[in-house]
Amino acid sequence: MATDAPPPEAGADQRPAQPSTEAFAAMQESAEFGELRRAHRSFAFPLTIAFIAWYLLYVLLSNYADGFMATKVIGNINVAFVFGLAQFLTTFLIAWFYSRHAAAKLDPKAEAIRSRMEAGA
């Protein structure tokens, strides 16, 4: 895609100044960063465990409950097929829920930390 803007100058660095290693270590130990980690973990860990349990249930039922999984639901569509499609549905739902959670709870906190780190560099 062509633009009318001139190319950046050869020596010009457009990135913000990077904080020092000590500043990163200090931020990692801060209560604010700890709250960001807690907000992420309190959402991601339970959903990960729930999805793994749901997936393992599907696999175990497929291996050991042939009669149940072969039960016809509508026409030639059986329970195994419905559960298989539900795996995709739950994957997309979890991704959508996480996107909403990140936008509402994680991104504002991360942006505040980032801007403070860049301003102090």
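**Exercise 1. Place Q87 in this predicted model and decide whether Q87 is buried or exposed.**

Step 1. Find the element. Q87 sits in helix α4.

Step 2. Check the accessible area. Q87 has a relative accessible area of 8%. Buried means under 20%, so Q87 is buried.

Step 3. List the partners. Beyond its neighbours within four places in sequence, Q87 contacts F51, W54, Y55 and Y58.

**Exercise 2. Do the same for H101: which helix holds H101, is H101 buried or exposed, and what does H101 touch?**

Step 1. H101 also belongs to helix α4.

Step 2. The relative accessible area of H101 is 13%. With the cut-off at under 20%, H101 is therefore buried.

Step 3. Residues up to four places away in sequence are not counted. H101 then touches A39, F43 and L106.

**Exercise 3. Describe helix α4: what are its span, its kink and its buried residues?**

Step 1. Take the span. α4 has 42 residues and runs 58 Å from first C-alpha to last. That is close to the 62 Å expected at 1.5 Å a residue.

Step 2. Look for a bend. α4 has a kink of about 45°, centred on A102.

Step 3. Collect the buried positions. They are V79, F83, G84, Q87, H101, A102, L106, I113 and M117. A102, the centre of the kink, is thus on the buried list.

Step 4. Ask what they pack against. The buried residues of α4 pack against α1 (21–28), α2, α3 (66–69), β1 (72–74) and β2 (77–78).

**Exercise 4. Repeat the description for helix α2: what are its span, its kink and its buried residues?**

Step 1. α2 has 34 residues and reaches 48 Å between its first and last C-alpha. The expected value at 1.5 Å a residue is 50 Å, and the span is close to that.

Step 2. α2 has a kink of about 25°, centred on R41.

Step 3. G34, L36, A39, F43, A44 and L61 are the buried residues of α2. Two of these, A39 and F43, are touched by H101.

Step 4. The cover over the buried residues of α2 includes α3 and α4.

**Exercise 5. How do the axes of α2 and α4 cross, and what kinds of residue make up the contact?**

Step 1. Two packed helices are described by the angle and the distance between their axes.

Step 2. The axes of α2 (residues 31–64) and α4 (residues 79–120) come within 10 Å. They cross at roughly 175°.

Step 3. Angles over 145 degrees count as roughly antiparallel. Therefore α2 is roughly antiparallel to α4.

Step 4. Sort the residues of this contact: 20 are nonpolar, six polar and four charged.

Notes: Residues are numbered from 1 along each chain as its sequence is written. This is a predicted model: local features need pLDDT of at least 70, side-chain atom pairs count only at pLDDT 80 or more; totals for chains, interfaces and linings use all residues. Side-chain values use heavy atoms; hydrogens and water are left out. Axes are lines fitted to C-alpha atoms, for helices over the stretch in contact, and angles run from 0 to 180 degrees between N-to-C directions. Helices (H or I, at least four residues) and strands (E, at least two) are DSSP runs, numbered from the N terminus. Angles under 35 degrees count as roughly parallel, over 145 as roughly antiparallel, 65 to 115 as roughly perpendicular and the rest as oblique. Ala, Val, Leu, Ile, Met, Phe, Trp, Tyr, Cys and Pro count as nonpolar, Asp, Glu, Lys and Arg as charged, and the others, Gly among them, as polar. Buried means under 20% relative accessible area, exposed over 50%, partly exposed in between (1.4 Å probe, protein chains only). Contact means heavy atoms within 4.5 Å. The expected span of a helix is 1.5 Å times one less than its number of residues. The bend at a residue is the angle between axes fitted to the seven residues ending there and the seven starting there.
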